[in-house]
Amino acid sequence: MGSGSQLWNITRKYMTAGLIAFTVQDRYIAVAQVQGSSMSPTLNPRENSFIGRPTNDRVLVEKWCLEKYKFSVGDMVVYSSPENHKVRHIKRITALPGDWVGAPTLSDTVIQIPEGHCWVEGDNSASSMDSRYFGPIPLGLIRGRVTHVVWPLQRVGAIERKVPRSKHVPL
């Protein structure tokens, strides 16, 4: 009888720890793997590696910003693709609601970012599927703000908030 009770106590502790970890990851903070080179050189830089592949950074994603959609131009965010909500992208916010942006791939037009949306672009624009392709994305698709690189160890550190060179159209 003692071993059954002991097994139940261990199971209960692991289930409690699992629920706490799930809640923390779902509501407050998570780790995401970066794939591709659209955010290079900030993320997944091509370093002097033997194979010449990106480093596949892992980043810390904070979710407190989602409470009231507290974002700034220059923030790097994780968002669900407007085309497939199961696919996640990491890009930098370059314009917020009310800002005007030149959108060369959208018929060479100038658009104003509507309320509840933002404009995102990759740091490596040559290989980035971003707002130049999707258009403005709803703020509701944002899953969190990238704050730190946590892997590989030689790259651990805070992500610099870069305000992109002005792509905004003056009024």
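# Close-up views

**View 1. The loop around Val156.** Val156 sits in the loop between β9 (142-151) and β10 (157-158); helices (H or I, at least four residues) and strands (E, at least two) are DSSP runs, numbered from the N terminus. This is a predicted model, where local features need pLDDT of at least 70, side-chain atom pairs count only at pLDDT 80 or more, and totals for chains, interfaces and linings use all residues. Residues are numbered from 1 along each chain as its sequence is written, and side-chain values use heavy atoms, with hydrogens and water left out. Val156 has a relative accessible area of 48%, so it counts as partly exposed (buried means under 20%, exposed over 50%, partly exposed in between, with a 1.4 Å probe and protein chains only). Pro152 is in this loop between β9 and β10 too, and the peptide bond leading into Pro152 from Trp151 is cis, with omega near 5°.

**View 2. A nonpolar patch on the surface.** Val156 shows up again here, joining Val31, Val150, Trp151 and Leu153 in a nonpolar surface patch of about 470 Å². Patches are made of residues with over 30% relative accessible area and no salt bridge; like charges are joined within 9 Å, and nonpolar side chains (Val, Leu, Ile, Met, Phe, Trp, Tyr) within 5 Å. The areas come from the Shrake-Rupley method with a 1.4 Å probe, and for residues only the protein chains shown count as cover.

**View 3. Strand β9 and its partners.** Follow β9 and you meet β2 (residues 58-62), paired with β9 in the antiparallel sense over 5 bridges. Two strands pair if DSSP finds at least two bridges between them. Glu62 stands opposite Arg145 of β9. Strand β3 (residues 76-80) also runs antiparallel to β9, with 3 bridges joining the two, and here Tyr79 has Ile142 as its bridge partner. Then there's β10, antiparallel to β9 and joined to it by 2 bridges. His148 faces Ala158 in β10, and the two strands make a hairpin with 5 residues between them.

**View 4. Inside the nonpolar cores.** The largest nonpolar core has 13 residues, and Phe71, Ile93, Cys118 and Ile142 have the most contacts inside it. Strands β3 and β7 (117-121) are the elements that give two or more residues to this core. A second, separate core has 12 residues, including Val59, Met76, Val78 and Val146. A nonpolar core is a set of buried Ala, Val, Leu, Ile, Met, Phe, Trp, Tyr and Cys residues joined through side-chain atoms within 4.5 Å. Want to zoom in on Ile93? Setting aside its neighbours within four places in sequence, Ile93 touches residues that include Phe71, Val77, Cys118, Trp119, Val120 and Ile142, where contact means heavy atoms within 4.5 Å.

**View 5. Asp75 and its salt bridges.** Side chains of opposite charge can pair when their charged atoms come close. A search of the whole structure turns up 6 salt bridges, each a side-chain nitrogen of Lys or Arg within 4 Å of a carboxyl oxygen of Asp or Glu. Asp75 makes one with Arg145, with the closest N and O atoms 2.6 Å apart. That pair ties together distant parts of the chain: Asp75 lies in the loop between β2 and β3, and Arg145 is in strand β9, 70 residues apart. Both residues, Asp75 and Arg145, are buried. Asp75 also forms a salt bridge with Arg161, the closest N and O atoms being 3.4 Å apart. This pair is another link between distant parts of the chain, as Arg161 is in the segment after β10, 86 residues from Asp75. Asp75 has a relative accessible area of just 6%, so it is buried, while Arg161 counts as partly exposed because its relative accessibility is 48%. Salt bridges with shared partners join Glu62, Asp75, Arg145 and Arg161 into one network.

**View 6. The Asp130 and Arg132 pair.** These two form a salt bridge, with the closest N and O atoms 2.7 Å apart. Asp130 and Arg132 are both buried.

**View 7. Backbone details between β1 and β2.** Pro41 is in the loop between β1 (29-33) and β2, and the peptide bond from Ser40 to Pro41 is cis, with omega near 10°. Asn44 has its place in the loop between β1 and β2 as well. Its phi is near 50°, a positive value in a residue other than glycine. Is Asn44 buried or exposed? Asn44 counts as buried because its relative accessibility is 0%.
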